[in-house]
Amino acid sequence: MESFVVTVNNIDYQVGLHSSFPKLFDVYNEKINYTIGKTDAGNWVYIKHEPSSAVIPLEQIGMAIDEHFADE
C-alpha cells in the first residue's frame with residue numbers, strides 16, 4: 001500500500017501502513033511521527049510516538065483513514 005495524505009485542521013499528515021496484522025498506521029509530517037491503530041472496540045489509540053512529536057487530533061485522523069478506505 002502506498003502512503004496517502006489526510007488533512008485535518010488545515011494540517012497535512014502522511015499516512016502509511018505500518019503493519020497488516022494488527023493493522024497499524026504510521027502518521028507523520030515534519031513535526032510529528034506516530035504509529036496508531038484501532039482497538040477491537042473501534043477506538044483509535046496511540047501505539048508509539050517520538051518524544052518530540054506534537055499532539056495530534058487522533059480521532060479526526062482515524063476518521064480520515066476510515067473514510068480513505070471506505071472509498072476503495
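Q: How do you know what share of the chain's 72 residues counts as buried?
A: Each residue's relative accessible area is set against a cut-off: buried is under 20%, exposed is over 50%, and partly exposed is in between, with a 1.4 Å probe and protein chains only. By that rule, 36% of the 72 residues count as buried. Keep in mind that this is a predicted model, where local features need pLDDT of at least 70, side-chain atom pairs count only at pLDDT 80 or more, and totals for chains, interfaces and linings use all residues. Residues are numbered from 1 along each chain as its sequence is written, and side-chain values use heavy atoms, with hydrogens and water left out.

Q: What makes up the fold, counted as helices and strands?
A: One helix and five strands, in the order β-β-β-β-β-α from the N terminus. These are DSSP runs numbered from the N terminus: H or I over at least four residues for a helix, E over at least two for a strand.

Q: Why does the radius of gyration agree with a compact globule?
A: The rule is 2.2 Å times the number of residues to the power 0.38, and the radius is taken over C-alpha atoms. For 72 residues that puts a compact globule near 11 Å, and the chain has 11 Å, so the two agree. The C-alpha trace spans about 30 × 20 × 20 Å along its principal axes.

Q: What makes a set of residues a nonpolar core?
A: The members must be buried Ala, Val, Leu, Ile, Met, Phe, Trp, Tyr or Cys, joined through side-chain atoms within 4.5 Å. The largest such core here has 16 residues, and Tyr13, Val27, Ile36, Ile56, Ile61 and Ile65 touch the most other members. Strand 1 (4-8), strand 2 (11-19), strand 3 (24-28), strand 4 (33-38) and helix 1 (58-70) each give two or more residues to this core. Helix 1 supplies the largest share, four residues. In soluble globular proteins, nonpolar side chains tend to be buried together.

Q: Which residues is Ile61 in contact with, leaving aside its neighbours within four places in sequence?
A: Contact means heavy atoms within 4.5 Å. On that basis, Ile61 touches Val6, Val8, Tyr13, Val27, Ile36 and Ile56.

Q: Why is Phe4 called buried?
A: Its relative accessible area is 8%, so Phe4 meets the buried cut-off. Phe4 lies in strand 1, and its C-alpha is 5.3 Å from that of Val15, eleven residues apart along the chain. Beyond neighbours within four places, Phe4 is in contact with Tyr13, Gln14, Val15, Ile65, His68 and Phe69.

Q: What makes Thr35 buried?
A: Thr35 has a relative accessible area of 2%, so buried is the right word. Thr35 sits in strand 4. Outside the four-place window, its contacts include His18, Leu24, Phe25, Asp26, Val45 and Tyr46.

Q: Why is Asn9 called exposed?
A: Its relative accessibility is 60%, so Asn9 passes the exposed cut-off. Asn9 is in the loop between strand 1 and strand 2, and has a positive phi of about 55 degrees although it is not a glycine.

Q: And what makes Asn10 exposed?
A: A relative accessible area of 79%, so Asn10 counts as exposed too. Asn10 lies in the loop between strand 1 and strand 2, with a positive phi of about 65 degrees although it is not a glycine.

Q: What makes the peptide bond joining Phe21 and Pro22 cis?
A: Its omega is about 0 degrees. Pro22 is in the loop between strand 2 and strand 3.
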